[in-house]
Amino acid sequence: MRLIRLLYTSQAAQQMSAQRIEQIVKVARYKNSEALITGILLYGNGQFMQVLEGDERRVVELFNRIARDGRHCEVDVLVMRPTSKRLFGEWSMGLLNLEHVGLDGDLPLRDVLFNANKERRDAGYDVLDVLRKFIKSVQSHRVARMAFDR
């Protein structure tokens, strides 16, 4: 088995409710646990970012199904590379819905996203840095939107 990590972004075809996102993750958790795939899904401002980890063949098959899913568009793979260690090995699919949480709050994923240690770095490319930038981008847009709406 060749372990890989795939990171992609996409744009939601339409705004999604928290309940819809949770339903997607519920199904993903079930299917991913059967396929031994782990990862995390972030959603905010109509954008998705997802990390998938597992056997290369299974991750690529899953990603190809995801890429054809009509609930999103503009699917862009940012990273796909072999890895020796999973970042999200405890989660068949973690979820961070940035529409409904503030990063200053008590988040179960906060430690992973913001306190990653050097063992989590992968071949000079820190996937966690990309996740942090995505979160900051969504937060900045939300703050700007709130200021504009006043």
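**Sheet, helices and cores**

Strands β2 and β3 run antiparallel to each other and are joined by seven bridges. One of the residue pairs in this predicted model brings Tyr 43 together with Phe 48, its bridge partner in β3. On the β1 side of things, β3 pairs with β1 in the antiparallel sense as well, here over nine bridges. β1 in turn is joined to β4 by eight bridges, and these two strands also run antiparallel. Leu 7 shows up in both of these pairings: its bridge partner in β3 is Val 51, and its bridge partner in β4 is Val 79. β1 is mostly covered, with nine of its 10 residues buried.

Put together, five strands make up an open sheet, in the order β4-β1-β3-β2-β5, with mixed pairing. The edges are taken by β4 (72–82) and β5 (94–97), each of which pairs on one side only. On average, and ignoring direction, neighbouring strands in the sheet are turned by 15 degrees against each other. As for the helices, α1 packs on the sheet, where it touches β2, β3 and β5, and its direction makes about 170 degrees with that of β5. α2 packs on the sheet too, touching β1, β3 and β4, with its direction at about 155 degrees to that of β3.

What holds the nonpolar side chains here? In general, nonpolar side chains of soluble globular proteins tend to be buried together. In this model, the largest nonpolar core counts 20 residues, and those with the most contacts inside it are Met 16, Ile 37, Tyr 43, Phe 48, Leu 52, Val 59 and Met 93. Two or more residues apiece come from β1 (3–12), α1 (18–35), β2, β3 (47–55) and α2 (56–68). The largest share, five residues, is supplied by α1. Apart from this core lies another one, of 14 residues, with Met 49, Val 51, Leu 98 and Ile 135 among them. Met 93, listed above for the first of these cores, has quite a list of contacts beyond its neighbours within four places in sequence: Val 25, Ala 28, Arg 29, Asn 32, Gly 39, Ile 40, Leu 41, Gln 50, Val 51 and Leu 52.

Thr 38 is worth a look of its own. This residue sits in strand β2, which covers residues 38–44. Is Thr 38 buried or exposed? Its relative accessibility is 8%, so Thr 38 counts as buried, the cut-off being under 20%. The side chain of Thr 38 nonetheless has a polar partner, making a polar contact with the side chain of Arg 86 at 2.9 Å. Leaving out residues up to four places away in sequence, Thr 38 touches Val 51, Leu 52, Glu 53, Arg 86, Phe 88, Gly 89, Trp 91 and Ser 92.

Two of those neighbours, Phe 88 and Trp 91, also form an aromatic pair with each other, stacked at 5.7 Å centre to centre and with 25 degrees between the planes. A search of the whole structure turns up three aromatic pairs. The two rings come from residues with unlike surroundings: Phe 88 has a relative accessible area of 1% and is therefore buried, whereas Trp 91, at 23%, is partly exposed.

Note on methods:
Residues numbered from 1 in each chain as written. Predicted model: local features only at pLDDT ≥ 70, side-chain atom pairs only at ≥ 80, totals over all residues. Heavy atoms only, no water. Helix = DSSP H or I, 4+ residues; strand = E, 2+ residues; numbered from the N terminus. Buried < 20%, exposed > 50% of the residue type's maximum accessible area, 1.4 Å probe, protein only. Polar contact = N/O pair within 3.5 Å; in protein donor to acceptor, adjacent residues only side chain to side chain. Contact = heavy atoms within 4.5 Å. Core = buried A, V, L, I, M, F, W, Y, C linked by side-chain atoms within 4.5 Å. Pairing = 2+ DSSP bridges. Axes fitted to C-alpha atoms, helices over the stretch in contact; angles between N-to-C directions. Phe/Tyr/Trp six-rings, centres within 6.5 Å; stacked < 30°, edge-to-face > 60°.
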